[in-house]
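These notebook entries record what I looked up in the structure below. I kept each entry brief and grouped the look-ups by topic.

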Protein chains: 2
Amino acid sequence: MAEHGGLHIMCLNKLDCHSSPTLSSSSEQEKEIFTKLKVSLTEDYPQKNAEILSGQYGTNLLLIGVSLMLAIGNNGASVKEEHLMSFITTLIIVQLLWMMWYIVRRGMQSNLQAEKDVHATTSWIKGGLTLLALLSLIMDAFHIGYFVGYRACLSAVLVVYPIIHATHTIAQVHFLWFHIKDVIKSFETFERFGVIHAVFTNLLLWCSGVMSEANHLLNHHNTRLSALGFENLTMVDMEPHCNCTISACSMFINGLYYLYPFNIEYHIFVSVMLFVMWKNIGRTIDLQHNRKRLATRTQGLVVGPILGLAALASTIGVLVVYIIHVEESLDIRESTIAVFYYYGIVMLVLMCSAGVTGLLIYRADPMPMDTTKNPSRKLDTELLFGTSVGSWLVSWCSVVAVSASRSSPSYRWTNLMYSLLSILEKYIQNLFIIESLYRQREDGEREDTEVAGPAPEIFSVTSSLSPPYNGIINQAYENPDNGCVTLENEQESGQVNGCPRKHLEVPLQVENNVEVTPSKKSQILKNITIFLFMCNISLWILPAFGCRPQYDNGLEEETFGFTIWTTVLNFAMPITLFYRMHSVACLFEVFRRV
Amino acid sequence: MAEHGGLHIMCLNKLDCHSSPTLSSSSEQEKEIFTKLKVSLTEDYPQKNAEILSGQYGTNLLLIGVSLMLAIGNNGASVKEEHLMSFITTLIIVQLLWMMWYIVRRGMQSNLQAEKDVHATTSWIKGGLTLLALLSLIMDAFHIGYFVGYRACLSAVLVVYPIIHATHTIAQVHFLWFHIKDVIKSFETFERFGVIHAVFTNLLLWCSGVMSEANHLLNHHNTRLSALGFENLTMVDMEPHCNCTISACSMFINGLYYLYPFNIEYHIFVSVMLFVMWKNIGRTIDLQHNRKRLATRTQGLVVGPILGLAALASTIGVLVVYIIHVEESLDIRESTIAVFYYYGIVMLVLMCSAGVTGLLIYRADPMPMDTTKNPSRKLDTELLFGTSVGSWLVSWCSVVAVSASRSSPSYRWTNLMYSLLSILEKYIQNLFIIESLYRQREDGEREDTEVAGPAPEIFSVTSSLSPPYNGIINQAYENPDNGCVTLENEQESGQVNGCPRKHLEVPLQVENNVEVTPSKKSQILKNITIFLFMCNISLWILPAFGCRPQYDNGLEEETFGFTIWTTVLNFAMPITLFYRMHSVACLFEVFRRV
């Protein structure tokens, strides 16, 4: 009977199904099968498959773009920059159409309370993104200016492109401000294609930015080498074959050089945010775990900011010295590179110590890990880990080169130290950031006991005394008769555990008996985080603005050869830049949590 | 009081902690913190961090190896093959020590009932792996023979290495046979390092195999080009500088060429299996979902095997024709390549139709998706998707090359068709395999109702009539008052849902009333699967044994240039080979499920 009821409900929806569930004639059976086929093709495609379907579509878009870029890389082939730009422009227009459709449809459904994923983004990320978008818009303006200057000899696609790109930037920022947290629940399969299209359009724009940047760098590097008389390379002719008709041309060209990194960061950031939106499609959000109050306390913040500012100041000093002196004679060049390495070693040693201190504080203060589902955080973790690989590869290559090199410039062993420290620093920093993001927030518990006053230290010390509850699965501690321990893996595998979460109540009983002091640990952690935050900004500024000793020191080039080494660098440098920027974002999140 | 109890239990374990939980003197407090620090450093490290800690360690091992390989790639540098081999040998010895330690410790604890993950592997995977391992052992024997022949002028490392490698292979196969399903629950952090060390040692061996293979191919390609008078490339001298003292030298060299692909597959397979073991460390296995009976019914298997065997036979024919004729004059060469493309188009069209038919059957027969946690299946899916990228890149490059090419050989447009079909075929096949792996097994439900007889078709037809239960999250169908629907995302996020799973019972009530026919759909699916299985073997055989028209047709080389195109191929070819082999494994699994 239950079955009949189900069928009737279905019939009301579909209008063309049969009244009897038991079928005998084969023609009717066929008809039913085709009806169902039609229904399931148009409406309910299983989620897993829809993900694969759209994911494969997006990947192929990117690959078409990459293969066009590879063809352009081979100068003199019949594939030209214009072809790539037309392809990207098409993708952008499709994305604009989809966004318009989405916004209009949402507007019409505004009476519905849309579900939101509060973890998807924060207002400071949106702010940062808007800043990057503004810089991208300036870049587009420069591109247009450049075209106006050289309009006699440039293809018209080159002016259409920046205009489209600027429109895209404005529309996309609007979309991100008002819709990035949406959890899509209707037209799921279609929306999945729309979102993944947006993700991969941005990724392709990122790739194209990286390619331009790499070309630019390579040319700059070659110019410098020829000026120094090192090599006699055939240079790619990037300048148009006519004279500039306006006075600001050189300003545009130089400005573009400094604006590119921001445009690159903008696109990768957007694609990461859209990817989180894609992962959220059709998700059921657990409303209980929604936004907890984030009180950013700033008391006791002295050492961290001061050291951080000192690091930032010295970075700018080193940058200026480097850029001025590295193009001079061989001796000065060598000592400039040596200065960079000494500075880097000091920075990295300080950063390693800060990270280790943070980890030791965590070890002294065990706390259960927060295992609620949060695609945004999971992606943060994976990106941090994944993008370290680029920088590690460069560092290990340097280590191999230093060990194998036959020549011995003054910076040989400092380069070795610098590379090893740079590996270690990322190793430690990743551990610190990931543990910080996954620790259960003290704020969450404190909300329940605000009468008792803030006592995070006491809370954490006491909670550390109850071994089975600190989020670790350790059989030695576990009492096999006790089935009521909520462990990380049980939660992840979706097992049902009906036991009350006792461990949160235990420490609260003690709190009232103990004298309360302001949380020292939290203060130390905040200082560490702000210091690491500024150091990461510093280490982002250096390569972004042209201080890249890996291109200049010659040691690696000797061991790996020019082609292999520049390929490695062109692959790894943008990833390293992204790693630093992403660490900055993550450390800001950590700062708000500790 | 509960707090005191917790502390006392802790004291019994640690023997050196204080009796009072409320501390006043700061020295005592410090002492306590250090004790806790020691405890948490040695014993209970949070799972998430231990994963990151060991994952980063493994990644760095691989990167050291890769940077050594890059240095070797630049001929004439001071880094030699011997350095890489010493590094790999060290890693292998460390892995051997760890495996020995693990086996001995397990042996001593044999009274304990160890938890096993039954999804981790199957006996036929073990069998296939043993076969690959045997071929690897033969390869080692050939290497030793080669060294004996040229012992006058080869470094002794070159003979130590195959001996160590053979020992490693034997020990590892033993380990995989008896321990790969273990779920490790003690010394977790240490074991995590051990397993990940094994994973990345195998990955490095895979990389090194791929590099040798690529070098070999490149040399072969260059030899052929020079023989045809196409180009005048400086060739790398791979031969030793002395004469062979035994008669079998050329047999060894030719044999190695055919044995390399198997060794490469062996190592990537092992690392995937060990990675699943690593993911399982500390996991709590849901015993309810353990092994379901797998009855491989073979009735009605006619069309699939026959078509598959025909595909295999024609493949071998094409392979022989290709290898014999491609090195001849330009005309014959061109028609040989054209023959290959015609053959490929027919194969791919058939495979696409088979895949589409399978997907249509699934659409006509909706069934809830199986969302239980299963790292092995998740990894299968990701590998399938990830490794398609290599082949898609090559195909898109071909499309770009054909569109842009100025020359027009006879196979220009067949190449375009072939490339587009090859993209489409992987797109469809991935969808088919992934949906097959994720669909809930009919067997599972049938176990509960064996008295009612096998009625999978009726079961699935009826279950398709109850929309909210087919594994899709579709708000339009969902009744918001009904909190008892177990949806995929709720299960994944570990939410507690105490409602009984009604949807399994609904169809069972109808089953007894309906006439039963043998499942036609399942038979069609089995035929499709076996056909795809054999086609994938065919498409693996061709490139593995030297039929690689991408190297020979010249179109892509014209557009991308020699360097870029060979780099793309050297990156993509081993991945494509792995994709085909992995599809074969997945399709076998699918065959057992449908």
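**Salt bridges**

I began with the salt bridges and found 16 of them over all chains. The model is a predicted one, and I treat each distance below as a computed value.

I then took up the pair Arg105(A) and Glu191(A), whose side chains meet in a salt bridge at 2.6 Å from N to O. Arg105(A) belongs to helix 4 (residues 81-108) of chain A and Glu191(A) to helix 7 (residues 188-228) of chain A, so this pair ties together parts that are 86 residues apart in sequence. I checked the cover of both partners and noted that Arg105(A) and Glu191(A) are both buried.

I next looked at Arg106(A), which forms a salt bridge with Asp182(A); the closest N and O atoms are 3.4 Å apart. Arg106(A) lies in helix 4 of chain A, whereas Asp182(A) lies in the loop between helix 6 (157-179) and helix 7 of chain A, so the pair ties together parts that are 76 residues apart in sequence. I found Arg106(A) to be buried, and Asp182(A) as well.

I went on to Arg580(A) and Glu425(A), whose side chains meet in a salt bridge with an N to O distance of 3.1 Å. Arg580(A) is in helix 20 (residues 562-593) of chain A and Glu425(A) is in helix 12 (residues 412-438) of chain A, so the two tie together parts that are 155 residues apart in sequence. Are these two residues buried or exposed? Arg580(A) has 4% relative accessibility and therefore counts as buried. Glu425(A) has a relative accessible area of 1%, so I entered it as buried too.

I also recorded a network of salt bridges that links Arg363(A), Asp365(A), Glu435(A) and Arg439(A).

**Helices 12 and 11 of chain A**

Since Glu425(A) lies in helix 12 of chain A, I examined that helix further. Its 27 residues should span 39 Å at 1.5 Å a residue, and its end C-alpha atoms are 40 Å apart, which agrees. I noted that helix 12 of chain A is mostly covered, with 22 of its 27 residues buried.

I then turned to helix 11 (residues 375-404) of chain A, which has 30 residues. From its first C-alpha to its last, helix 11 reaches 44 Å, close to the 44 Å expected at 1.5 Å a residue. Where is the kink in helix 11 of chain A centred? I located it at Gly390(A), with an angle of about 25°. Because 23 of its 30 residues are buried, helix 11 of chain A is largely enclosed by the rest of the structure.

**Chain A as a whole**

I tallied the secondary structure of chain A at 20 helices and 0 strands. Of the 594 residues in chain A, 57% are buried. I considered the contacts in chain A between residues at least 6 apart in sequence, and 85% of these join residues at least 24 apart. The chain exposes about 25,200 Å², of which carbon and sulfur atoms supply 65%.

**A nonpolar patch on chain A**

Which residues make the nonpolar surface patch of about 360 Å²? I listed Val302(A), Val303(A), Ile306(A) and Leu307(A). Of this group I looked up Leu307(A), which is placed in helix 9 (residues 303-325) of chain A. With 40% relative accessibility, Leu307(A) counts as partly exposed.

**Two residues of chain B**

I first looked up Thr336(B), placed in helix 10 (residues 330-364) of chain B. At 5% relative accessibility, Thr336(B) counts as buried. Setting aside neighbours within four places in sequence, I found Thr336(B) in contact with Val321(B), Tyr322(B), His325(B) and Val326(B). I also checked Ile324(B), which is 12 residues from Thr336(B) along the chain; their C-alpha atoms are separated by 9.4 Å.

I then looked up Phe147(B), found in helix 5 (residues 123-149) of chain B. Phe147(B) has 13% relative accessibility and so counts as buried. Not counting residues up to four places away in sequence, Phe147(B) touches Leu154(B), Ser155(B), Ala156(B), Leu158(B) and Val159(B). I closed with Gly358(B), which is 211 residues from Phe147(B) in sequence and 51 Å from Phe147(B) in space, C-alpha to C-alpha.

Conventions:
Residues numbered from 1 in each chain as written. Chains lettered and ligands numbered in written order. Predicted model: local features only at pLDDT ≥ 70, side-chain atom pairs only at ≥ 80, totals over all residues. Heavy atoms only, no water. Patch = residues over 30% accessible without salt bridge, like charges linked within 9 Å, V, L, I, M, F, W, Y side chains within 5 Å. Areas by Shrake-Rupley, 256 points an atom, 1.4 Å probe, with all protein chains shown as cover. Salt bridge = Lys/Arg side-chain N within 4 Å of Asp/Glu carboxyl O. Helix = DSSP H or I, 4+ residues; strand = E, 2+ residues; numbered from the N terminus. Buried < 20%, exposed > 50% of the residue type's maximum accessible area, 1.4 Å probe, protein only. Expected span 1.5 Å × (residues − 1). Bend = angle between axes of the 7 residues up to and from the residue. Contact = heavy atoms within 4.5 Å.
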